[in-house]
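This briefing is meant to be read slowly, with the sequence and the structure side by side. Please look at the picture before turning to the notes below.

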Amino acid sequence: MDKPRKILVIGATGYVGSHLVPALLSEGHTVIATSRSVETLQQLRWHAHPNVELRPLDLSQEAIFQATLKT
């Protein structure tokens, strides 16, 4: 495995995102998981993993999106 990275997953509650996050975690990466609803993110089995940061993100709000990309 390469050096662990911090990876932003947009739409972590969707089909692809909800499968991608645990795969990335199993590889040792840190994941910033985003969705329009943090409450929905908290329903997923990996939400409390120590290498997961949950964030609300609505792509229609450009300023918030830009700020999320800078972290």
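With which residue does Arg55 form a salt bridge, and how far apart are the closest N and O atoms? The partner of Arg55 is Glu53, and the closest N and O atoms of this salt bridge are 2.5 Å apart. The model is a predicted one, and the points that follow move from this pair to the strands, the helix and a few individual residues.

**The salt bridge**

- Side chains of opposite charge can pair when their charged atoms come close.
- In this model the count comes to 1 salt bridge, the one that Arg55 forms with Glu53.
- Arg55 lies in strand E3, and this residue counts as buried because its relative accessible area is 17%, which is under the 20% limit for that class.
- Glu53, on the other side of the pair, has 29% relative accessibility and therefore counts as partly exposed, since that class lies between the limits of 20% and 50%.
- Leaving aside neighbours within four places in sequence, Arg55 is in contact with Ile32, Ala33, Thr34 and Ser35, and also with Val38, Leu41, Thr68 and Thr71.

**How the strands pair**

- Strand E1, which covers residues 6-10, and strand E2 pair in the parallel sense, and 5 bridges are found over this pairing.
- Two positions help to trace the pairing of E1 with E2 in the picture: Val9 has Ala33 as its bridge partner in E2, and Ile10 stands opposite Thr34 in E2.
- E2 is also joined by 5 bridges to strand E3, made of residues 52-56, and these two strands likewise run parallel.
- In the pairing of E2 with E3, the bridge partner of Val31 is Val52 in E3.
- Strand E2, which spans residues 30-35, is mostly covered, as 5 of its 6 residues are buried.

**Helix H1 and its two sides**

- E1, helix H1 (residues 15-26) and E2 together make a β-α-β unit, and this unit is right-handed.
- Is Tyr15, a residue of helix H1, buried or exposed? Tyr15 counts as exposed because its relative accessibility is 65%, which is over the 50% limit.
- Tyr15 also belongs to a nonpolar patch on the surface, which is formed with Val16 and Leu20 and has about 350 Å² of accessible area together.
- Leu25 has its place in helix H1 as well, but this residue is buried, with a relative accessible area of 9%.
- Apart from neighbours within four places in sequence, Leu25 is in contact with Val31, Trp46, His49, Asn51 and Val52, and two of these residues, Val31 and Val52, are the bridge partners already met in the pairing of E2 with E3.
- Leu25 and Gln66 are 41 residues apart along the chain, and their C-alpha atoms are separated by 24 Å.

**Ile10 in strand E1**

- Ile10 lies in strand E1, where this residue counts as partly exposed because its relative accessibility is 41%.
- When residues up to four places away in sequence are not counted, Ile10 touches Thr34, Leu57, Leu59 and Phe65, and Thr34 is the residue that stands opposite Ile10 in E2.
- Ile10 and Asn51 are 41 residues apart in sequence, and the distance between them in space is 16 Å from C-alpha to C-alpha.

**A residue in a loop**

- Gln43 has its place in the loop between helix H2 (38-41) and E3, and this residue is exposed, with a relative accessible area of 67%.
- How far apart are the C-alpha atoms of Gln43 and Thr13, which are 30 residues apart along the chain? The C-alpha atoms of Gln43 and Thr13 are separated by 9.2 Å.

How values were computed
Residues are numbered from 1 along each chain as its sequence is written. This is a predicted model: local features need pLDDT of at least 70, side-chain atom pairs count only at pLDDT 80 or more; totals for chains, interfaces and linings use all residues. Side-chain values use heavy atoms; hydrogens and water are left out. Buried means under 20% relative accessible area, exposed over 50%, partly exposed in between (1.4 Å probe, protein chains only). Helices (H or I, at least four residues) and strands (E, at least two) are DSSP runs, numbered from the N terminus. Two strands pair if DSSP finds at least two bridges between them. A crossover is right-handed if, with the strands pointing away from the viewer, the path from the first strand over the helix to the second runs clockwise. Patches are made of residues with over 30% relative accessible area and no salt bridge: like charges are joined within 9 Å, nonpolar side chains (Val, Leu, Ile, Met, Phe, Trp, Tyr) within 5 Å. Accessible areas come from the Shrake-Rupley method with a 1.4 Å probe; for residues, only the protein chains shown count as cover. A salt bridge is a side-chain nitrogen of Lys or Arg within 4 Å of a carboxyl oxygen of Asp or Glu. Contact means heavy atoms within 4.5 Å.
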